[in-house]
Amino acid sequence: MTRTLALEIAVQDPAGVRIAAEVGATRVELATALALGGLTPSPATLELAVETAGAEGPEVHVLIRPRAGGFHYTEDELVVSERDVRRAIGAGAAGVVIGALDADGALDVDAMARLRDAAGGASVTLHRAIDMTVDPVATLRTARDLGLRRVLTSGGASVAIDGIDTLRALVAAAEGGIEIMAGSGVDAANAPGLAASGVDAIHFSAKRAVSEAGGVRMGSASDGVGGYEVTDRETALAVCAALGR
């Protein structure tokens with residue numbers, strides 16, 4: 001049977017959803033602040049992304065991450081995340097993307113179960129918190145036991161292509177019971193190699209930086225008001241072309 005490789009694009013706004021639809025992506029991961037690794041998007045951003053995707057566009061999966069930094073959360077942060085999960089699914093998202101670790105850096109099974117249950121049976125993806133754990137293969141098995149749909153992973157490396165041996169090990173350990181999606185630093189040059197590892201999906205952001213220098217410095221930005229990132233159509237098309245899409 002021919003394996004169909006799914007494509008997921010990390011986007012921050014309806015414009016990114018439109019580009020994802022144009023290039024034929026299966027899903028989008030909707031977030032804000034991708035420069036920080038992604039944070040939970042606003043309710044209005046979520047609503048407009050779902051409207052933009054419509055019935056024929058890519059599935060909208062929402063990143064649930066209440067703050068930057070590590071993934072060991074306080075009770076208050078978990079309660080916020082539970083409510084954000086319910087809000088996302090209630091607004092029409094097809095799934096959520098979550099991750100929580102305990103004080104020892106292992107997957108926090110209780111926290112993950114709470115967030116999974118808040119999704120009410122919708123698709124749940126474990127994000128790259130798996131790459132912060134000592135044994136990603138063991139973490140994968142725990143995620144599968146929790147009934148999660150997929151994991152997003154770089155194979156424990158900063159860039160996915162550097163973690164390709166671990167990605168292959170994760171594919172083998174999944175045994176078809178949970179999807180493996182490779183992501184981090186994916187571009188047109190390395191996407192074919194990642195696809196050849198046997199993963200079920202490729203995740204990439206295809207982002208382009210926009211800078212606005214000058215003016216009064218805002219917050220901790222070193223260049224005035226600071227820059228931001230947008231989904232770049234040509235970058236997305238180049239990755240798709242490299243994968244023969």
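I began with a pair of helices and noted that helix 1 passes helix 8 in a right-handed crossing. The model I am reading is predicted.

Next I looked up which residues make the contact. Helix 1 supplies Ile19, Glu22 and Val23, and helix 8 supplies Arg233, Ala236, Leu237 and Cys240. I sorted these residues by class and wrote down 5 nonpolar and 2 charged residues, with no polar ones.

Then I took the geometry of the pair. Helix 1 covers residues 14-23 and helix 8 covers residues 233-242. I read an angle of about 30° between them, and their axes are 10 Å apart. Angles under 35 degrees count as roughly parallel, so I entered helix 1 as roughly parallel to helix 8.

I turned to the pockets. For the largest pocket I noted a volume of about 490 Å³. I found 21 residues lining the largest pocket. Which of them lie nearest its centre? I listed Leu34, Gly37, Arg128, Leu152 and His203. By class, I entered the lining of the largest pocket as 9 nonpolar, 8 polar and 4 charged residues.

I looked up the second largest pocket last and recorded about 160 Å³ of space in it. Its lining includes Ala33, Leu34, Ala35 and Leu36. I also found Gln12 there, together with Gly227, Tyr228 and Glu229. I sorted the lining of the second largest pocket into 5 nonpolar, 2 polar and 1 charged residues. I marked Leu34 in my notes for both pockets, since Leu34 is among the residues nearest the centre of the largest pocket and also lines the second largest pocket.

Terms used
Residues are numbered from 1 along each chain as its sequence is written. This is a predicted model: local features need pLDDT of at least 70, side-chain atom pairs count only at pLDDT 80 or more; totals for chains, interfaces and linings use all residues. Side-chain values use heavy atoms; hydrogens and water are left out. Axes are lines fitted to C-alpha atoms, for helices over the stretch in contact, and angles run from 0 to 180 degrees between N-to-C directions. Helices (H or I, at least four residues) and strands (E, at least two) are DSSP runs, numbered from the N terminus. Angles under 35 degrees count as roughly parallel, over 145 as roughly antiparallel, 65 to 115 as roughly perpendicular and the rest as oblique. A crossing is left-handed if the near helix is turned anticlockwise from the far one by less than a right angle, and right-handed if clockwise. Contact means heavy atoms within 4.5 Å. Ala, Val, Leu, Ile, Met, Phe, Trp, Tyr, Cys and Pro count as nonpolar, Asp, Glu, Lys and Arg as charged, and the others, Gly among them, as polar. On a 1 Å grid over the protein atoms alone, a cavity is a set of points where a 1.4 Å probe fits but cannot get out, and a pocket is an open set with protein on both sides within 12 Å along at least five of seven lines; lining residues have an atom within 4 Å of a point. Grid points are joined across faces, edges and corners, and a volume is the space filled by probe spheres set on the points.
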